[in-house]
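Me: I am new to this structure and should like to understand the reasoning behind the terms applied to it. Please set each value against its definition.

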Protein chains: 4
Amino acid sequence: MLNFECDYMKGACPAVLQRLIETNMDETLGYGADPYCQSATERIREACSCPDARVYFLTGGTQVNATVMYAVLRHCQGVISPVTGHINHHESGAVEATGHKVIALPGHDGGKLNAKEVRDYLKAYRADENYAHIVEPGMVYITHPTELGALYTLNELKELSAVCREYRIPLYLDGARLAYALASDKTDITLKDIASLCDIFYIGGAKCGALFGEALVIPDPGLTGELFSIIKQRGAMLAKGRLLGLQFDTLFTDGLYERNGRNAIGTAEMLADGLKAKGYSFLIPPQTNQLFVIMDNAGIGQLRKEVSFSLWEHVDADRSAIRLVTDWATPKADIEALLTLL
Amino acid sequence: MLNFECDYMKGACPAVLQRLIETNMDETLGYGADPYCQSATERIREACSCPDARVYFLTGGTQVNATVMYAVLRHCQGVISPVTGHINHHESGAVEATGHKVIALPGHDGGKLNAKEVRDYLKAYRADENYAHIVEPGMVYITHPTELGALYTLNELKELSAVCREYRIPLYLDGARLAYALASDKTDITLKDIASLCDIFYIGGAKCGALFGEALVIPDPGLTGELFSIIKQRGAMLAKGRLLGLQFDTLFTDGLYERNGRNAIGTAEMLADGLKAKGYSFLIPPQTNQLFVIMDNAGIGQLRKEVSFSLWEHVDADRSAIRLVTDWATPKADIEALLTLL
Amino acid sequence: MLNFECDYMKGACPAVLQRLIETNMDETLGYGADPYCQSATERIREACSCPDARVYFLTGGTQVNATVMYAVLRHCQGVISPVTGHINHHESGAVEATGHKVIALPGHDGGKLNAKEVRDYLKAYRADENYAHIVEPGMVYITHPTELGALYTLNELKELSAVCREYRIPLYLDGARLAYALASDKTDITLKDIASLCDIFYIGGAKCGALFGEALVIPDPGLTGELFSIIKQRGAMLAKGRLLGLQFDTLFTDGLYERNGRNAIGTAEMLADGLKAKGYSFLIPPQTNQLFVIMDNAGIGQLRKEVSFSLWEHVDADRSAIRLVTDWATPKADIEALLTLL
Amino acid sequence: MLNFECDYMKGACPAVLQRLIETNMDETLGYGADPYCQSATERIREACSCPDARVYFLTGGTQVNATVMYAVLRHCQGVISPVTGHINHHESGAVEATGHKVIALPGHDGGKLNAKEVRDYLKAYRADENYAHIVEPGMVYITHPTELGALYTLNELKELSAVCREYRIPLYLDGARLAYALASDKTDITLKDIASLCDIFYIGGAKCGALFGEALVIPDPGLTGELFSIIKQRGAMLAKGRLLGLQFDTLFTDGLYERNGRNAIGTAEMLADGLKAKGYSFLIPPQTNQLFVIMDNAGIGQLRKEVSFSLWEHVDADRSAIRLVTDWATPKADIEALLTLL
């Protein structure tokens with residue numbers, strides 16, 4: 001069976017695993033008060049050019065998203081998200097469970113918000129006579145890459161950031177698959193750009209070569225105050241916090257994080273080229289490690305016998321889009337094998 | 001100044017006020033354990049043909065809505081509402097503050113849900129492979145009349161109810177202005193129909209002639225269990241519960257509730273006829289006590305000098321819709337006076 | 001039947017009722033944007049010598065308490081309360097339902113906190129190495145009079161206030177029965193003292209002569225920011241807000257509020273004197289309008305046939321304490337009648 | 001430096017680590033739908049003699065506790081816990097953040113609840129006329145071993161279970177350090193006893209030899225229904241769920257879990273014997289892997305130079321209790337080294 005189901009099917013990339021093995025019998029204090037977390041924090045601050053940033057290591061993406069909303073939004077505030085945003089659609093209502101509305105805007109080009117629709121919404125809200133009866137937009141949430149693998153351009157991100165700053169609303173970037181965005185040449189956004197244009201973001205680990213875990217970064221330490229107790233309260237903190245710290249310490253040593261991304265991007269491009277050569281079309285243009293390929297339903301049924309993947313959505317009576325995902329470890333041989341089946 | 005701003009500008013209708021005066025020095029137990037609440041409950045049960053219904057008296061509409069969602073929805077469930085639904089738009093996020101998502105569907109014809117869009121949504125949810133990551137639809141919320149004054153027909157309500165029962169999801173009707181629906185000849189829905197087709201609903205008091213207060217009705221007592229503690233916890237319960245009981249006892253004696261409705265409907269129709277005769281058009285066809293009249297902006301500015309009303313929305317560069325509202329006490333003379341100004 | 005059950009068995013005091021009648025057909029804007037609320041706010045500010053205080057009118061005491069905790073406490077903070085505090089014991093968990101712990105300290109002398117026990121707790125919390133894993137005390141809650149009818153002295157309140165200010169924690173006073181404290185000569189605390197020593201408090205209406213409603217006062221407007229949306233979200237705001245405003249406007253005209261208190265205190269003292277003369281003892285020394293009288297169980301059973309009251313607690317195998325409550329309207333004749341039965 | 005600080009300072013026991021290494025490049029579906037979770041579930045069911053039990057793997061103990069309270073308690077219910085219970089004291093208010101009160105009872109003998117105090121509380125609650133205004137006890141929470149290392153006897157657990165079943169309230173056992181209880185000869189309680197006497201419990205991994213993770217067990221699948229979405233919503237679910245499954249699969253193969261416990265118990269006993277021989281006394285009698293040794297403050301200061309441990313509490317002006325903790329890997333040489341320092 002060839003696996004193109006998702007990018008969290010394997011364990012950790014070799015260097016991360018090796019580090020876990022080497023440090024296994026070290027004895028450190030719990031809850032992040034260990035030298036690995038400290039070192040990882042410093043490396044991330046440096047990679048982001050944010051020497052004062054607060055950095056926290058949490059156990060998963062839904063945890064990070066819900067914790068950020070819980071910690072940052074004030075009562076009666078909600079978060080603007082594209083309809084396809086992970087928080088709006090795929091987290092079992094985790095944000096609402098913290099008491100906050102997800103204000104869903106349509107989005108464009110594969111699940112991206114644009115500055116205009118955000119500005120229009122904020123303007124209309126502020127102009128409404130009854131604004132005090134309406135949920136106040138208190139954050140803007142985007143994913144990069146999006147759930148459909150799309151990427152913001154630097155210019156798009158700058159415009160979004162400008163709107164948010166004009167209206168004094170924090171811009172939050174969910175980087176569950178950030179390694180794949182950083183490794184793609186379809187966008188010119190760097191990690192430093194993100195740290196300078198966004199107010200809060202997280203660097204995804206679990207889907208990008210870590211065993212598990214995500215790194216939450218808040219460039220301006222004044223934005224939120226200390227979040228230790230909140231993260232503890234939400235159960236998002238590991239007693240053995242060092243497990244997360246040493247993984248990110250490794251990922252941010254010698255460019256491993258982006259290197260993990262590049263394998264996925266390289267194999268995805270190879271697959272996209274092969275698919276185009278065979279005449280397949282895509283739901284949205286391929287940009288990162290997720291390809292949404294349109295196939296006829298009979299072909300999909302046939303393919304399922306030898307390949308694992310997700311059925312994404314029905315396109316018309318006869319055709320559907322399937323999702324094919326590569327990752328930090330996908331071998332080129334798998335791409336070749338898959339292409340021979342198509 | 002002529003007041004057409006809303007239907008909660010005055011106090012209580014005369015009979016309700018008289019009852020409050022007469023009973024003022026009676027001494028009764030608190031928290032609903034008084035004979036007035038008991039009598040009001042019996043009258044409402046009879047008016048609904050639901051001898052076993054649970055009936056609770058709460059202090060306001062947002063309270064009722066949020067309490068119902070809190071009490072009835074299970075974790076990870078949300079409530080389907082039209083985009084224009086009061087819970088989605090005008091309650092400062094009260095439902096989300098109880099931990100639940102409002103799943104907004106477009107709606108039709110002045111803020112109504114129809115059976116097809118609800119069924120399509122439920123079907124798609126159940127068919128999604130990843131349904132366990134998606135908020136489960138656990139209730140359907142409608143208003144009757146809607147926020148735009150529109151009315152369901154009996155047939156439309158039957159179809160909605162049938163979908164909900166097929167999918168075993170409670171149908172909840174917000175009747176903040178129910179007196180005006182019951183008094184209108186634009187729909188054939190009776191209170192008994194509502195009690196038989198909906199699983200939960202509330203009979204609005206504050207906008208329909210009560211001093212304040214709303215009556216929550218749950219026809220099948222097995223649906224929710226006893227809600228006393230939940231209502232208490234949410235602060236929706238008056239210590240002097242009898243104040244609410246005796247108002248509804250009065251409103252449901254000798255048809256006062258519908259009579260209150262009829263004055264508003266009669267004057268609204270008189271106003272609508274006058275407006276049509278003068279060539280005005282409406283955002284949606286007038287059906288109850290709220291008229292959404294399209295006027296040019298200059299005229300609106302002029303009118304504001306002598307009439308209070310809400311600006312509803314901009315229609316185009318030169319014209320807007322204003323809302324004119326009548327109530328249980330609007331005198332015909334006010335309609336005549338208003339028409340001479342237009 | 002003689003009623004000594006509680007102080008919320010009747011409607012409104014005559015002047016409040018009269019005002020409701022007179023203003024019934026006035027037309028005002030909703031949600032507190034009316035001249036009555038404005039006037040009541042000014043009168044309360046004046047009575048408190050707090051010209052800038054924020055004043056909000058809410059529908060009930062549990063609502064006020066839960067809304068204050070929700071609005072003021074930060075995540076991971078709790079509220080210190082005596083074990084017998086209303087929020088700890090009699091509100092169905094309303095504070096916890098807003099996500100916050102009630103940190104219960106033993107209390108003394110009929111449910112009062114003293115400065116020493118609060119200081120000891122705060123000191124120990126700050127000294128704990130693991131404080132970040134422990135709920136942070138973020139408010140101190142007291143009632144005056146307490147649930148047992150006890151009163152703070154001015155000196156006790158000053159000491160409590162000093163601890164709270166030293167630790168920068170707001171002091172919140174629940175004044176559900178404040179009229180009875182202000183009218184009692186057992187304490188020297190005035191309303192102005194409360195406004196100067198507490199950071200948040202509410203002036204009880206429902207138990208002190210209003211038909212219903214409570215007035216929340218925040219002397220320093222910078223403490224909380226505007227609470228309109230939060231109060232709306234929690235359903236604690238009346239659409240016809242003026243109903244609350246005009247009641248407090250009346251209560252704070254010509255000293256009516258304290259006058260209401262004095263009738264209850266006068267009749268309670270008359271009753272206490274009579275009971276003492278007959279040899280009865282009390283659970284705690286009588287101070288306000290609630291008397292906790294110790295009687296043998298047989299006598300209690302006999303008394304129930306002609307008097308309504310609450311059984312408070314068992315004292316020993318043969319005796320229990322019952323609660324007898326007077327109010328703004330208790331006639332002296334009722335005291336005499338009761339005493340003849342004892 | 002000798003480490004006796006806590007039992008979560010190291011990584012994973014060798015067999016668990018080896019298993020993580022061997023399976024690292026396996027490709028499995030996410031969110032627990034993998035063969036390792038399935039196998040671990042079966043092994044746990046067998047070890048508990050509960051063939052139908054629901055078993056979930058979560059990322060941490062606070063997560064498990066808060067998720068259980070959130071999922072199982074109904075609105076207006078709280079959980080009975082000893083004052084020293086982890087949920088009451090050391091989880092930053094995680095339970096209250098789910099909306100529920102922790103009802104703290106004094107406890108006995110090192111943080112244990114006994115059947116009598118639970119029964120007395122439940123009886124008094126049910127007898128209170130105003131019970132509907134009081135938080136309803138909806139669960140009983142115990143830890144085994146307790147936070148002070150104490151153990152229930154089988155008889156004590158049977159009595160507690162009997163009270164809970166008489167009152168139809170689930171009994172929940174927090175087994176963060178369960179391996180150490182199972183390995184101790186100070187109690188006769190087996191895992192099967194726990195599964196038969198408790199309604200919900202969790203088997204601690206992180207402190208007992210796993211890299212991280214805890215296994216929640218619900219012997220009767222009818223008690224809660226499926227918790228998948230709730231665990232997802234709370235962010236307690238790993239995308240790479242198999243990481244947790246394969247750890248517990250390993251721990252429950254060939255008795256590894258109890259073997260891990262035995263090393264800690266053996267070294268703790270060796271340490272306790274040595275301390276007794278030197279004349280030290282204990283805060284409570286040593287029973288598991290946590291020893292609370294009373295020392296004079298000067299000696300504590302001296303010891304800190306070469307040993308890491310927690311200061312637990314002040315005993316009197318000159319003496320304090322310190323906590324010394326052993327674990328699955330503590331070498332006997334460390335005990336000997338520590339004893340020579342004392």
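**Cavities and interfaces**

Reply: To begin with the second largest cavity, its lining divides into seven nonpolar residues, three polar residues and no charged residues. The model is a predicted one.

Me: Which residues make up the lining of the second largest cavity?

Reply: They are D:Leu148, D:Gly149, D:Phe282, D:Ile284, D:Pro285, D:Pro286, D:Gln287, D:Gln290, D:Leu291 and D:Phe292. Strand S10 of chain D, residues 290-296, gives the most to this lining, with three residues.

Me: Why is D:Gly149 counted as polar in that lining?

Reply: The classification places Gly among the polar residues, so D:Gly149 is counted there. Leu, Phe, Ile and Pro count as nonpolar, and therefore D:Leu148, D:Phe282 and D:Pro285 are among the nonpolar members.

Me: Why is this space called a cavity, and what is its volume?

Reply: The term cavity applies because a 1.4 Å probe fits at its points but cannot get out. The volume of the second largest cavity is about 30 Å³. By this rule there are two cavities of 30 Å³ or more.

Me: What is known of the largest cavity?

Reply: Its volume is about 50 Å³. The lining includes B:Asn3, B:Cys6, B:Met9 and B:Lys10, together with C:Glu27. By class, the lining of the largest cavity has four nonpolar, three polar and four charged residues.

Me: What makes the pair D:Lys10 and A:Glu27 a salt bridge?

Reply: The definition requires a side-chain nitrogen of Lys or Arg within 4 Å of a carboxyl oxygen of Asp or Glu. For D:Lys10 and A:Glu27 the N to O distance is 3.1 Å, so the pair meets the definition. Side chains of opposite charge can pair when their charged atoms come close.

Me: How many salt bridges does the rule find across the interface of chain D and chain A?

Reply: The rule finds two salt bridges across that interface. There are also 31 residue pairs in polar contact, both residues being at pLDDT 80 or more. On the side of chain D that touches chain A, the residues comprise 20 nonpolar, 15 polar and nine charged.

Me: How do you know that chain D and chain A are in contact?

Reply: Contact means heavy atoms within 4.5 Å, and 44 residues of chain D are in contact with 44 residues of chain A, so the term applies. Chain D and chain A bury about 3,900 Å² between them, with 58% of it on carbon and sulfur atoms.

Me: What is found where chain D meets chain B?

Reply: The contact takes 12 residues from each of chain D and chain B. About 1,300 Å² is buried between the two chains, 63% of it on carbon and sulfur atoms. D:His75, D:Cys76 and D:His133 supply 46% of the area that chain D buries against chain B, more than any other three residues. The rule finds zero salt bridges across this interface, and four residue pairs are in polar contact, both at pLDDT 80 or more.

Me: Why is the pairing of B:Arg45 with B:Glu42 called a salt bridge?

Reply: The closest N and O atoms of B:Arg45 and B:Glu42 are 2.7 Å apart, and the cut-off is 4 Å, so the pair qualifies. Both residues lie in helix H2 of chain B, residues 35-48, three residues apart, about one turn of the helix. Over all chains, the structure holds 65 salt bridges.

Note on methods
Residues are numbered from 1 along each chain as its sequence is written. Chains are lettered from A and ligands numbered from 1 in the order in which they are written. This is a predicted model: local features need pLDDT of at least 70, side-chain atom pairs count only at pLDDT 80 or more; totals for chains, interfaces and linings use all residues. Side-chain values use heavy atoms; hydrogens and water are left out. Buried area is the accessible area (1.4 Å probe) that two parts lose on being put together, summed over both. A polar contact is a pair of N or O atoms within 3.5 Å; within protein, one must be able to donate a hydrogen and the other to accept it, and residues adjacent in sequence count only if both atoms are side-chain atoms. On a 1 Å grid over the protein atoms alone, a cavity is a set of points where a 1.4 Å probe fits but cannot get out, and a pocket is an open set with protein on both sides within 12 Å along at least five of seven lines; lining residues have an atom within 4 Å of a point. Grid points are joined across faces, edges and corners, and a volume is the space filled by probe spheres set on the points. Helices (H or I, at least four residues) and strands (E, at least two) are DSSP runs, numbered from the N terminus.
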